[in-house]
Amino acid sequence: MDELREVLSKASEISNRDIAVIWDKGCCRISEQGIPGLSYEEARQNSGSSWKGYIIYPFEAVGKTYYVCIRAEGCRSEAEDQLILLAIKSAVFNRCSEDERLAAALKEDFDTAVGMRLEEAYGQRLCGYVLLVSGYEDCLNEVLQIMDNTIETTLRFEYEGRILAVSPEGNIEEACESLSKNILSELLLECTVAIGGRSGGIQDLRRMLDCCLEALFIRRTYGLSDTVMNYDKLYAYRAVSCLSPGTKADILAKVFTREFKEMLNSELSITIEELFKNNLNLTDAAGKLYIHRNTLLYRLDKIFKCTGFDLKKFEDSWLFRLAWLINKEK
Amino acid sequence: MANLSLRHIKKVYPGNVTAVKDFNMEVEDKEFIVLVGPSGCGKTTTLRMIAGLEDISDGELYIGERFVNDVAPKDRDIAMVFQNYALYPHMTVYENMAFGLKLKKVPKAEIDSKVKHAAKMLEIEHLLDRKPKALSGGQRQRVALGRAIVREPKVFLMDEPLSNLDAKLRVQMRTVISKLHKQLETTFVYVTHDQTEAMTMGTRIVIMKDGDIQQVDTPQRAYDNPANLFVAGFIGSPQMNFLKGTVVLEGQRVCLKLQDGTMVGISDEKAAALKERGYISKEVYMGIRPEHLHDADIEPLSSGYSVFKGQIELAELMGAEIYLYFDLCGKQITARVDSKAAKKSGDAVELHFHWDKVHVFDAETEKAIY
Ligand SMILES: Nc1ncnc2c1ncn2[C@@H]1O[C@H](COP(=O)(O)OP(=O)(O)OP(=O)(O)O)[C@@H](O)[C@H]1O
Ligand SMILES: [Mg+2]
């Protein structure tokens, strides 16, 4: 018998009253008849008051709400109820898997005691790169299996519709690329893998999780198509997204003049992207675009004429790139 | 097995980048279609739309008889292979190929026969017990192909699968993939930026630029009759030589007069077309492939030819052939001649070429004139 049932049965025996615990998609009760017809919804609505001869006490544990229903009749005392509640809380907490406790701790503020308890439970398993895999639709199990066979992880569980994992791999970016490629080849699903950074314990884990979420946010905001997003390599985007709206508008106005906007077509966009991709190396960019270097120079000259920015110059090109990124923001 | 129908397919990315403008093409069952073109021309985007990984902004896509615009990739009966494929490092080759089927809960015996069949086709039966680490780059690539084969898709989609391999291996894998296509009798759509790959593998090639189809044709026809200046330059290596010239009448003959006065003859058909379409006295581009220039010393032509004369700036010995570079009308011209010529830089050279090897393009539209 699990601990919760044991506690319930003992408490009900000692107090000689019906007791039940109810939570979303589950409940635990002892007496044969149970508590007739009490649904989670009803418990939630009557939480903190009495209902059909029961008192309903709410409490939170590991990120979930539980309701304890104790028969109100008989010789009851407030103190006895509190004691029963305490015993049940503890049993519920013990009942949760470590991963559920960790997930809950990541969601809400937790105290040092909880932190220490988790550190102790997980130990070295919290140390490594924090990853967040998203976009697997209804293929969680398949993705987990592919993950297990592609990348070493010390920890992984579903967290708010994504897979949170810690990996000790050395070349983390390559490992994540492999993961996303394997998922794509096997399931024809394009998952995104965010790399938050290296964690050394529970506090880091939370920070790195936030980094993962920010990386995903950046991906959406700037319409990036990369499937592996390494937070540590997103400085340019992070810097741009931090600018004040006023500054952004100023920079944008400086580059995206009326003439430039009129001139900007797909061909020119592709040219600009390719130039950035090739580190402003004109020969390489022209080669990739299969145009003559002079054609490229001519296009850059057109940009210069209507924006005043000469993309061959460092000073101009980085400010231009800033505007280019701001323009992509959604 | 399936045909593919791409009807006025268009892709506009956020930020108003039109990556594919109006892709219209019927791919027959069992064809090997190669999409080729420079960076950013929309090859990958087109392939991803066929796969369902990218939304189609406009137009209709059919696989077989089925309208698939809104069908999820996994329900399209396709398989993909790309440049940076990955394998499962701790599994054997056999397990690597079997894993996808296991995920789909295919019965064991069926998996076994499929994996063995694919391994045989790829000639990696003797490697089935090895781990990826113990394989060469080419062998690993075969395993990646094997993983796609066991799915038995209706259409294979490949995005630059060979561009990470070294030159020698690339040549070898080209043959492997071509052979595979013949054995599988399935439709292949293959993306590359390498025109040699396109020429050697495709039953038809689609040459793209800036999201537009420039020409769809067999490799031979694209080489013989490029539709425009871009295709002419992109297909063939070394690149076709281009020179500006004016269409003139010399007596009854239509000729091209180059800037330095050199006269170039053209085929009767082209002459007729130029005359008919009012090109006399107009400027055009002429094109001649390096391999169609013959060293007059060792293989002189006897009739229906014109002559380029120049002084060699650079001679590159390539084995059986030698590439000669010389200047004409301020442009660098390349000739690919027999190395028996034994020419070196500084030498004077006379090159003959047949009139019917001369291409003519409109100076403004850059379209070929037939
Ligand atoms: N997710 C995206 N968001 C915005 N623009 C994109 C996206 N993906 C591609 N593009 C743009 O669409 C155009 C076509 O890209 P695509 O990847 O199809 O080219 P490609 O022909 O495959 O080039 P390459 O040879 O470099 O692989 C490019 O200008 C590219 O920058
Ligand atoms: Mg591509």
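How many residues surround ligand 1, and which are the closest? Let's start there and work through a few exercises on this predicted model.

**Exercise 1. Describe the surroundings of ligand 1.**

Step 1: Find the neighbours. There are 14 residues around ligand 1, and the closest are A:Ile270, B:Ser39, B:Lys43, B:Thr44 and B:Thr45. Names from both chains turn up here, which fits with ligand 1 lying between chains A and B.

Step 2: Sort the shell by class. You should get five nonpolar, seven polar and two charged residues.

Step 3: Look for the element that gives the most to this shell. That's helix H1 of chain B, residues 43-51, with three residues.

**Exercise 2. List polar contacts of ligand 1 with side chains, using a cut-off of 3.5 Å between N or O atoms.**

Step 1: Take the oxygen atoms of the ligand. One pairing puts an oxygen of ligand 1 at 2.6 Å from a side-chain N or O atom of B:Thr44. Another has an oxygen of ligand 1 at 2.7 Å from a side-chain N or O atom of B:Ser39.

Step 2: Now try nitrogen. A nitrogen atom of ligand 1 sits 3.3 Å from a polar side-chain atom of B:Tyr13.

Step 3: Check how much of the ligand is covered. On its own, ligand 1 has 630 Å² of accessible area, and the protein covers 78% of that.

**Exercise 3. Explore the second largest pocket.**

Step 1: Get its volume, which comes to about 810 Å³.

Step 2: Pick out the residues closest to the centre. The lining has 28 residues, and A:Glu174, A:Ser178, B:Ala86, B:Leu87 and B:Pro89 are the closest to the centre of the second largest pocket.

Step 3: Trace the helices in the lining. In chain A, H6 (140-150) and H7 (172-187) each supply at least two residues, and so does H4 (137-149) in chain B. The largest share, five residues, comes from H7 of chain A.

Step 4: Sort the lining of this pocket by class: nine nonpolar, 10 polar and nine charged residues.

**Exercise 4. Find the cavities and say what lines the largest one.**

Step 1: Search the whole structure. Five cavities of 30 Å³ or more show up, and the largest has a volume of about 110 Å³.

Step 2: Read off the lining of the largest cavity. Chain A residues in it include A:Ser185 and A:Glu186, while B:Phe82, B:Tyr85 and B:Arg147 are among those from chain B.

Step 3: Match the lining to elements. H7 of chain A, strand E6 (78-82) of chain B and H4 of chain B each give two or more residues. E6 of chain B gives the most, with four.

Step 4: Count by class. The lining of the largest cavity divides into seven nonpolar, one polar and three charged residues.

**Exercise 5. Split chain A into domains.**

Step 1: Note the bounds. The domain assignment gives domain 1 (2-96), domain 2 (125-238) and domain 3 (243-329).

Step 2: Check the spacing. In chain A, the C-alpha centres of domain 1 and domain 2 are 39 Å apart.

**Exercise 6. Locate two backbone details in loops.**

Step 1: Start with chain B. B:Ser237 and B:Pro238 are joined by a cis peptide bond, with omega at about -5°. B:Pro238 belongs to the loop between helix H8 (229-234) and strand E11 (241-250).

Step 2: Switch to chain A. A:Asn279 isn't a glycine, yet its phi is positive, at about 50°. You'll find A:Asn279 in the loop between helix H12 (266-277) and helix H13 (282-289).

Technical notes. Residues numbered from 1 in each chain as written. Chains lettered and ligands numbered in written order. Predicted model: local features only at pLDDT ≥ 70, side-chain atom pairs only at ≥ 80, totals over all residues. Heavy atoms only, no water. 1 Å grid on protein atoms, 1.4 Å probe; cavity = no way out; pocket = protein on both sides within 12 Å on 5 of 7 lines; lining within 4 Å. Points joined across faces, edges and corners; volume = space filled by probe spheres on them. Nonpolar A, V, L, I, M, F, W, Y, C, P; charged D, E, K, R; others polar. Near = heavy atom within 4 Å. Polar contact = N/O pair within 3.5 Å; in protein donor to acceptor, adjacent residues only side chain to side chain. Areas by Shrake-Rupley, 256 points an atom, 1.4 Å probe, with all protein chains shown as cover. Domains from an automatic or database assignment.
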